[in-house]
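User: I would like to learn how to read a few local features of a protein model, beginning with strands and ending with cysteines. Could you take me through them?

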Amino acid sequence: QGRILEKTGLCSQITFGRYVRQGRKLGLDPKLFIQDLQFNKVPVRVYQPKATSDGPRRGILFFHGGGWVFGSLDTYEKVCRYLSRESDSVVVSVQYRLAPEHKYPAAYEDCLSATQHFLQHLQHYAVDPARVTVCGDSAGGNLAAAVSQTLAGRSDLPRLRAQILIYPGLQALDFNLPSYQQNRGVPLLFRERAAFFALLYLNGDALHMQEVLEGSHIPPDMRLKYRKWVSPDNIPEEFKVRGVKPLRPTDFIAEVYETVKRFCEPNLCPLLAEDSVVHQLPESFILTCEYDVLRDDGLLYKKRLEDNGVPVTWYHLEDGFHGIISLYDYCGVSFPSGKRGLDRVVNFLKSL
């Protein structure tokens, strides 16, 4: 894979990937008023139901997936329209800056900035300050979790009502958790790809990918410190039936750690936040898929939230694979379990 990247050149490969995923321009939606705006200089698309409402509506900030490298407002247009229409909510889809051109923390800062702006101007969109939720899939789930943690301790803004994390990627310490071993070659996200995207987001390049996959990028004392949160021991047994082998630890390589040590920052890897932060988080919805390398990130975060007394609604797609939600009605193709997952999200929103 590395060879192919060298031959085609990373830039042209990413440009091509973005082109393929850009999504078709949709026509007007009879039930929604849709406008492109800027919140604190961050491009957003706001979806508002046209029907009159008895009172202020729910607000949803949506951060799209795509490994922090791909994805756009257009790619997720159908998903956002569906969420807005079906849950009768105002949806704000955020076009955060993408890697590798814009490295961490650019995407996180854009999502936080747009969220703060929205929270300060809710009355303008007739949104109920007590019912604002952050939502994202994959890398967007990572951003939603990070924004939610940052805002948890803020008293100057309305408190978030909930966070919705759809197969989120939440840590880059261990790429050999059971789900990484079991689903290493399952589309749409291969194990190598997960590390590749995390490195592009962090550093703008994928140097040391092999060492990161093997785990030699984390010092032993740190591995020990985070073991209480990032460990196969915290994964329920039923998820380990599909073949998992204990791996011998690889040797730590200090110079690799130097280039990736920000992987230990919770804004990048929310699973590593302290209990004092997790304890303050809002009610959560977590969706996981069985055939997904990121399954265990979701399961580990679910445990951390529950251990800290945060109410969690968990929905597991037994037949789901990574990226299935973004394929909702994609070029006329739809996966029933993707639709089922999306409808669970809508039901959760309606319960708030």
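Analyst: What follows is a short reading of strands, one asparagine and the cysteines. The model is predicted, so local features need pLDDT of at least 70 and side-chain atom pairs pLDDT 80 or more, while totals for chains, interfaces and linings use all residues. Residues are numbered from 1 along each chain as its sequence is written, and side-chain values use heavy atoms, leaving out hydrogens and water.

User: Which strands does β3 join, and how many bridges are there?

Analyst: Strands are DSSP runs of E with at least two residues, helices runs of H or I with at least four, numbered from the N terminus, and two strands pair if DSSP finds at least two bridges between them. Here β3 (residues 57–63) runs parallel to β5 (residues 127–137), with six bridges, and parallel to β4 (residues 89–94), also with six bridges. Leu61 stands opposite Val134 in β5 and opposite Val92 in β4.

User: Is Asn176 buried or exposed, and what does its side chain join?

Analyst: Buried means under 20% relative accessible area, exposed over 50%, and partly exposed in between, with a 1.4 Å probe and protein chains only. Asn176 is buried at 16%, and its side chain makes a polar contact of 2.9 Å with that of Arg191; such a contact is a pair of N or O atoms within 3.5 Å, where within protein one must be able to donate a hydrogen and the other to accept it, and residues adjacent in sequence count only if both atoms are side-chain atoms.

User: Why is Cys269 not bonded to Cys264?

Analyst: A disulfide is a covalent bond between the sulfur atoms of two cysteines, and the criterion is a sulfur pair within 2.5 Å. The sulfur of Cys269 lies 7.4 Å from that of Cys264, its closest cysteine sulfur, which is too far for a bond.
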